[in-house]
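Please look at the model below with its aromatic side chains in view. The paragraphs that follow go from those rings to an acidic residue.

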Amino acid sequence: QVQLVESGGGLVQAGDSLRLSCAASGRTLGTYTMGWFRRAPGKEREFVAAIRWNLNTYYSDPVKGRFTISRDNANNTVYLQMNSLKPEDTAVYYCAADRGSSGSSSVVARNYDYWGQGTQVTVSS
């Protein structure tokens, strides 16, 4: 069993930066795919970014070039650096862990086994 706890969200202005953290316990995440998803007001959950065990990364088009996902396996932590934030980035951000096979898609939410409770990011104009 893996427990995930997100932190680092808050209220910022457009153009500002935030770094979200996802601290894991219960298992070592070195072989897991780790992902970030978000749910904006009135919208469905959507993929944001993912990083696999081999450090391959994936980003959704709206955040590509602005967000960076990284992992620190020694501290069992995953990060999402968010730069040039826009009001449309406002959402609850969720960390997720996938222990599945290498054939699983990293951008599909149902492929992830564990989820955090989320952290709110609000970007004002």
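Why does F47 count as buried? F47 counts as buried because its relative accessibility is 13%, where buried means under 20% relative accessible area, exposed over 50% and partly exposed in between, with a 1.4 Å probe and protein chains only. F37 counts as buried too, because its relative accessibility is 2%.

This is a predicted model, in which local features need pLDDT of at least 70 and side-chain atom pairs count only at pLDDT 80 or more, while totals for chains, interfaces and linings use all residues. Residues are numbered from 1 along each chain as its sequence is written, and side-chain values use heavy atoms, with hydrogens and water left out.

Across the whole structure, a search finds four aromatic pairs (ring centres of Phe, Tyr or the six-membered ring of Trp within 6.5 Å). In one of them, F37 and F47 meet edge-to-face, with 5.6 Å centre to centre and 75° between the planes; planes over 60 degrees apart count as edge-to-face, under 30 as stacked and the rest as tilted. This pair links distant parts of the chain, ten residues apart: F37 is in strand β4 (residues 33-39) and F47 in strand β5 (residues 46-51). Strands are DSSP runs of E, at least two residues, numbered from the N terminus.

F37 and F47 join Y112 and W115 in one aromatic cluster. R45 lies over the face of W115, 4.5 Å from the ring centre; the criterion is NZ of Lys or CZ of Arg within 6 Å of the centre and within 35 degrees of the ring normal.

Y112 also leads to D98, in strand β9 (residues 91-98). Leaving aside neighbours within four places in sequence, D98 is in contact (heavy atoms within 4.5 Å) with residues including Y112, Y32 and N111.

Note on methods: Helices (H or I, at least four residues) and strands (E, at least two) are DSSP runs, numbered from the N terminus.
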